[in-house]
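Reader: I should be grateful for a close examination of one part of this protein, with its surroundings described afterwards. The structure is shown here for reference.

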Amino acid sequence: MSNENKSKRTNIIMVAVALFVILAGNLLACVIQTDFGNVKVRDVRFAGTNGIIMSALLYEPKGVTAKNPAPGILAIHGYINTRETQDGFAIEFARRGYVVLALDETGHGYSDPPAFQNFFGGPDGLRYLRSLDIVDKDNIGLEGHSMGGWASIFAAKEFPDGYKAVVLAGSGVGSITATFPRNLGVVFGEWDEYSPAMWGTPVAKDAVKGALVKKAFGTNDDVVVGKLYGSIADGTGRKFYQPRATHPGTHISTAAIGDAIDWFQATLQGGKPLPPSDQIWLCKEIGNLIALIGMILLLFPVGSLLLRANFFKDLEEAPARPKSAKGIAWWISAIIIVVLAPLTYFTFKEYATKYKIAPNQVFPQSFTAQLLVWLLLVGLIAVALFLIWHFAFNRKAKATASDYGLTWGKNLDWTKIGKSFLLAFLVAFVGYLTLVFSAWLFTVDFRFWLFAVKPMSPIQFRMFLSFLIPFIVYFVMLGLVLNGQLRPTRKGTELSMRSEMATNVALLVLGFVGLLAFQYIPLLMGGTLTLRSEILFSIIAFQLLPLMTIVALACTYFYRKTGHIYAGAFLSAMLITWIVVASQATMVAF
């Protein structure tokens, strides 16, 4: 068997393995989400206030009917999350016999924009839940994380007799009193970053000593964690839970989810008496992660097989001999790249709103625009440093644009650039198809914790097209620096593809590991974030770790396969634009 046939066979096997991994992950996630067939999960849409279409997942326990209604719980995620972020809570509530509506807030997920409209969609969610004949109208709970807690409070205000108990997870509102809302359980992590905004204390562990919590619990003394205040029968029940969790960590905390279960079991009648410690939701997270890994793995053999097709065959060529920085010059360049993005992260992202680049009809997502502006500025600085290095040092080595994978000889080959774009599109499209199939058949997406890969709605696809071109500009700049100046070598020769991939992952990820350590070590030691004003973007930085890992792998692999930076840059831009746009809040109505 020729080497070419062996390679083709290997890639076909890898495609089969990746598809099997996706299927296995989906099956695990689906089995857990449905509690082994005891819960039906449906993707629902309904009209909210002013005709805004709302999206949610509806969890219906087996045996629940109009003649045998069950308690209901409205579960609402926080800012720039989606309905699936509530999976841990929703799965465990449903396993205990509660009908659960996991809502997409307005402007999030598949609910119509703009974000924040109609009190985040909370009242509309409660209205819809109460309209279901399978729900016991006298036993409804509201659970919301962060901004979802605010949505829950707004729902409670609009329907003062339409619920029985509330759980605020990582959330708080100054208008809470000892009598409103009814039967309040507060699940607030010991390291919650948002303690100043939610409960008025710099350190989350001290929230029980703060005036707002004392007011909510009707006491002048420090609130005792785990103690019942007021009367559940009278609707004034209060209990404060403090799991060892951060603000986003509440989503993946068995203690936090157990606390929410404990409160609803104490305040809602009906359901199954499973102990709060009996939890299986983490297996769904693992299944989602397995499927996510499978999708990423699928991209590479699919790309390799496409490059063997007659149409794309002329793209496949070995990279030029490395003419990157060497020795101490490489290490200096590497350190600059490692620290440049994290050091400018908090500063540069402000320019998108400061100069009114977003939100608007062209760029309707504030965070996506902030991310884009930051990356473009980082890219321009990196390219400027690259050009200084090239003209001051590397031109003497007779390095050319072709050596950096930018041109073919002395020229840009626009036909091959166009083919590179089509190749990247087909690779991304194959990955996207697996996601659409998974959502259709299993009602799941690909995710782990804060990081989610979701199918795009028509509105989100429109935004994808708006953001794609500027993201391409950044990733072309990154590919030039990464595969030109920073291409790793050993004694002047290129490393193996695996070693080069690992090196590039380190170059793009280590800086953010350092940034998160800088922010979070003081918090986890009992203090606050180092930069207290950057809570949201510190949390968002966790998502940059997998995003930059995907970018490093794609840029490296397709550079080594094509000898040029374009296919990897285009694929990275498509993947990152898709992932980010589908998971962020949309601020402008269409």
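Reader: How many residues line the largest pocket, and which of them lie nearest its centre?

Author: The model is a predicted one, and the description that follows should be read in that light.

The largest pocket is lined by 20 residues. Those that lie nearest its centre are Tyr79, Ser146, Tyr194, His247 and Leu536. Three elements give two or more residues each to this lining: helix H4, residues 147–158, helix H5, residues 195–199, and helix H15, residues 535–562. Of the elements, H15 gives the most, with 4 residues. The pocket itself has a volume of about 280 Å³. In the composition of its lining, 13 residues are nonpolar and 7 are polar, with no charged residue.

Two of the contributing helices, H4 and H15, lead on to other parts of the model, and they may be taken in turn.

Helix H4 packs against a sheet, which is described here before the packing itself. The sheet is open and is formed by 8 strands in the order S1-S2-S4-S3-S5-S6-S7-S8, with mixed pairing. Its edge strands, each paired on one side only, are S1, residues 39–47, and S8, residues 238–241. From one strand to the next, the twist averages 20°. At one edge, S1 and strand S2, residues 53–61, run antiparallel and are joined by 9 bridges. Within this pairing, Arg42 has Leu58 in S2 as its bridge partner. H4 packs on the sheet by touching strand S3 (70–76), strand S5 (135–145) and strand S6 (165–169). The direction of H4 makes about 145° with that of S5. Thus H4 both touches three strands of the sheet and gives residues to the lining of the largest pocket.

The loops associated with the strands of this sheet contain some backbone features that deserve a separate word. As a general background, most peptide bonds are trans, and most residues other than glycine have a negative phi. Against this background, Pro113 and Pro114 are joined by a cis peptide bond, with omega of about 5°. Pro114 is placed in the loop between strand S4 (99–103) and helix H3 (122–131). A cis bond is also found from Phe180 to Pro181, where omega is near -5°. Pro181 belongs to the loop between S6 and strand S7 (184–187). The loop between S6 and S7 also holds Asn183. Although Asn183 is not a glycine, its phi is positive, at about 40°.

Helix H15 leads in another direction, to its contact with helix H11, residues 366–392. The axes of H11 and H15 come within 13 Å and cross at roughly 65°. This crossing is right-handed. On the H11 side, the residues in contact are Phe367, Gln370, Leu371, Trp374 and Leu375, which meet Phe537, Ile540, Leu544 and Met548 of H15. The residues of this contact divide into 8 nonpolar and 1 polar, with no charged residue.

Helix H11 also takes part in the lining of an enclosed space. There are 5 cavities of 30 Å³ or more in the model, and the largest has a volume of about 190 Å³. It is lined by 19 residues, of which Ile337, Val378, Tyr474, Leu478 and Leu508 are closest to its centre. Two or more residues come from each of helix H9 (327–348), H11, H13 and helix H14 (497–524). By class, this lining has 17 nonpolar and 2 polar residues, and none that is charged.

Helix H13, one of the elements lining that cavity, also contributes to the second largest pocket. This pocket has a volume of about 240 Å³. Its lining consists of Phe421, Phe425, Ala428, Phe429, Tyr432, Met456, Phe461, Phe464, Leu465, Leu468, Met574 and Trp578. At least two of these lining residues are supplied by each of helix H12 (414–442), helix H13 (458–485) and helix H16 (566–583). H12 provides the largest share, 5 residues. The lining has 12 nonpolar residues, with no polar and no charged residue.

To return to the original request, the largest pocket has Tyr79, Ser146, Tyr194, His247 and Leu536 nearest its centre. Among the helices that give two or more residues to its lining are H4 and H15. H4 packs on the sheet, while H15 crosses H11.

Note on methods:
Residues numbered from 1 in each chain as written. Predicted model: local features only at pLDDT ≥ 70, side-chain atom pairs only at ≥ 80, totals over all residues. Heavy atoms only, no water. 1 Å grid on protein atoms, 1.4 Å probe; cavity = no way out; pocket = protein on both sides within 12 Å on 5 of 7 lines; lining within 4 Å. Points joined across faces, edges and corners; volume = space filled by probe spheres on them. Nonpolar A, V, L, I, M, F, W, Y, C, P; charged D, E, K, R; others polar. Axes fitted to C-alpha atoms, helices over the stretch in contact; angles between N-to-C directions. Left-handed = near helix turned anticlockwise from the far one by under 90°. Contact = heavy atoms within 4.5 Å. Pairing = 2+ DSSP bridges.
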